[in-house]
Every structure is written in structure tokens, then in C-alpha cells.
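Here are some exercises to work through with the structure open beside you. Try each task before you read its solution.

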Amino acid sequence: MKNVYFLSDAHLGSLALEHKRTQERRLVRFLDSIKHKAAAIYLLGDMFDFWNEYRFVVPKGFTRFLGKLSELTDMGVEVHFFTGNHDIWTYGYLEEECGLIVHRKPLTTEIYGKEFYLAHGDGLGDPDNKFKILRRLFHNRTCQRLLNFVHPWWGMQLGLNWAKHSRLKRADGKEAPYMGEEREYLVCWTKEYMKTHPNIDYFIYGHRHIELDLTLERKARMLILGDWIWQFTYAVFDGAHLFLEQYIEGESRP
């Protein structure tokens, strides 16, 4: 039985990161290290800091990453790509050229007999009203079409600089630490969701850039995956157990 892997939040191409080429290479080395062990890989959003496809143009760069994903899908590994709040604007290229399975909404799926709820995590209980407005604009089809009327050079500059500004507003460019079980909005949202969906065994999210492995009521566990900027963390399910691990240059540790 092969493993199933989950990771998120690489924010490749970020103008706020000085080590972005090293970061991409490390991610590619990780993917290469698991290619013979993986049945499926779930990329749970914000793998790119900004991704927008035009009809005949896609963003510059990411060739190592996209090439490795294409190699994996050519080998028969399922690679699932969830759009996050930074890489919503994909319209077919990743499916057609790289063989990815793209998800634009949360997914409930069975893996080796266990029920998983998988999502990037944005929009699930977030109390920030400004973010809610932005999210609605980003997902609005008319706004998406208007963005694609802008020349790709201007459109990419707009998106990348918006993402850079958003990251630099945070202390050290990092997210707020874990706020506790009663205040962490993804935890609160998940507990409410469980009341009407009691059969889910595992909830896995990205978005918050923190590592969290929390046992909820009954048998359910909730994981937040950290990121691939500073932490290089991921989850792996072997059919019996789910682990949250860290990749350190060629070796993993629990």
C-alpha cells in the first residue's frame, strides 16, 4: 500500500522571499523523494504566491516545480491541486499540461477506508470582514474576466505586489501563532461542521501557516499543515496512521 501526502502554502514566486529559488528546489527534492512511495499527493492551496492564467500566457517561472508535478502524473501518481486565496485564477493549464486534478471547493473523500475533509481553509469561519469582501471579489467571474483584460505584465505585477504587501504587513512576514482551541477560527468552524457531518475521520487544512494536530470529539482529528516557506511540513497517511512530519534535506522526522 502506497502513502498519501498532504502539503500546502509554498507561495512560490513571492516577492517578499529572498530564498525563493532555494525554496522551490527543496520542494522539488521532496517530491522527488516520495515519487515511488506516493499513491496520491494533495496540494491544499497557495502553492503559488500569485497564479493567473491568460488564454495564451501562463506565469513565468516554476519550471522545476511544474516539471516535477508532470513527471509524477506521468508515473500515475494522482496530484490534486486545491486553489487557495493566492492561486484561484487557474483555467485549464494545470489540468491539460501537468495532469493535475484541480479542486476549487473543499473536498470530502474516502482514502483507504477513512473519511477526509480537505480544504485550503480560507473562508471557513474567518471573522475578518475585509478578507471576506476580497474573497468574494477574487471568486467573482466578472472580476476574473476583467483581470484577464489587463496585459499579463501588468496583471502579474499587480498580483505579485498585492501578495507581497499582504505578507509584509505581518511581523517577520509570518502568520499569527496558534490562538487556542476556543479562538482559532478553523477549529471553531470544524467543530460546528462536525455536528452535521459526524462520519469524518480527518480534517486537513492549509492557509494558517501553523502546525496543528488536534484531536476533536470522538475519533476525529484536525490538522493544519504549516507551510513550505519556513517550516517545510507535510502530512502522510499510510492507510492506518496519519502523521505530521517535517522535511529536512533528504530525510524526514515525525
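Let's begin with an overall figure: among contacts (heavy atoms within 4.5 Å) in the protein between residues at least 6 apart in sequence, 65% join residues at least 24 apart. You're looking at a predicted model, where local features need pLDDT of at least 70, side-chain atom pairs count only at pLDDT 80 or more, and totals for chains, interfaces and linings use all residues. Residues are numbered from 1 along each chain as its sequence is written, and side-chain values use heavy atoms, with hydrogens and water left out.

**Exercise 1. Take stock of the whole protein.**

Step 1: Count the elements. There are seven helices and 12 strands; these are DSSP runs numbered from the N terminus, helices being H or I with at least four residues and strands E with at least two.

Step 2: Check burial. Of the 254 residues, 52% are buried. Buried means under 20% relative accessible area, exposed over 50%, and partly exposed in between, with a 1.4 Å probe and protein chains only.

**Exercise 2. Describe the surroundings of strand β1.**

Step 1: Look at burial. Five of the five residues of β1 (residues 3-7) are buried, so the strand is largely enclosed by the rest of the structure. Asn3, Tyr5 and Leu7 point one way, while Val4 and Phe6 point the other way.

Step 2: Find the partners. Strands pair if DSSP finds at least two bridges between them. β1 runs parallel to β2 (residues 38-43), with five bridges, and Val4 sits opposite Ala40 of β2. With β10 (residues 233-237), β1 is antiparallel and shares three bridges; here Tyr5 has Val236 as its bridge partner.

Step 3: Add the helix. β1, α1 (residues 20-34) and β2 form a right-handed β-α-β unit. Right-handed means that, with the strands pointing away from the viewer, the path from the first strand over the helix to the second runs clockwise.

**Exercise 3. Explore the largest nonpolar core.**

Step 1: Get its size. The core holds 32 residues, and Ile41 and Phe65 have the most contacts inside it. A nonpolar core is a set of buried Ala, Val, Leu, Ile, Met, Phe, Trp, Tyr and Cys residues joined through side-chain atoms within 4.5 Å.

Step 2: See who contributes. Elements giving two or more residues include β1, β2, α2 (63-74) and β10. The largest share, five residues, comes from α1.

Step 3: Zoom in on Phe65. Not counting residues up to four places away in sequence, the residues it touches include Leu27, Leu31 and Met47.

**Exercise 4. Which way do α1 and α2 run relative to each other, roughly parallel or antiparallel?**

Step 1: Take the axes, which are lines fitted to C-alpha atoms, for helices over the stretch in contact, with angles from 0 to 180 degrees between N-to-C directions. The two axes come within 9 Å and cross at roughly 10°.

Step 2: Classify the angle. Under 35 degrees counts as roughly parallel, over 145 as roughly antiparallel, 65 to 115 as roughly perpendicular, and the rest as oblique. α1 and α2 are therefore roughly parallel.

Step 3: Spot the contact. Among the residues that make it are Arg21 and Val28 of α1, and Lys68 and Leu72 of α2.

**Exercise 5. Is Ser70 buried or exposed?**

Step 1: Locate Ser70, which is in helix α2.

Step 2: Read its relative accessible area. The value is 17%, so Ser70 is buried.

Step 3: List its contacts. Leaving aside neighbours within four places in sequence, Ser70 is in contact with Glu97 and Cys98.
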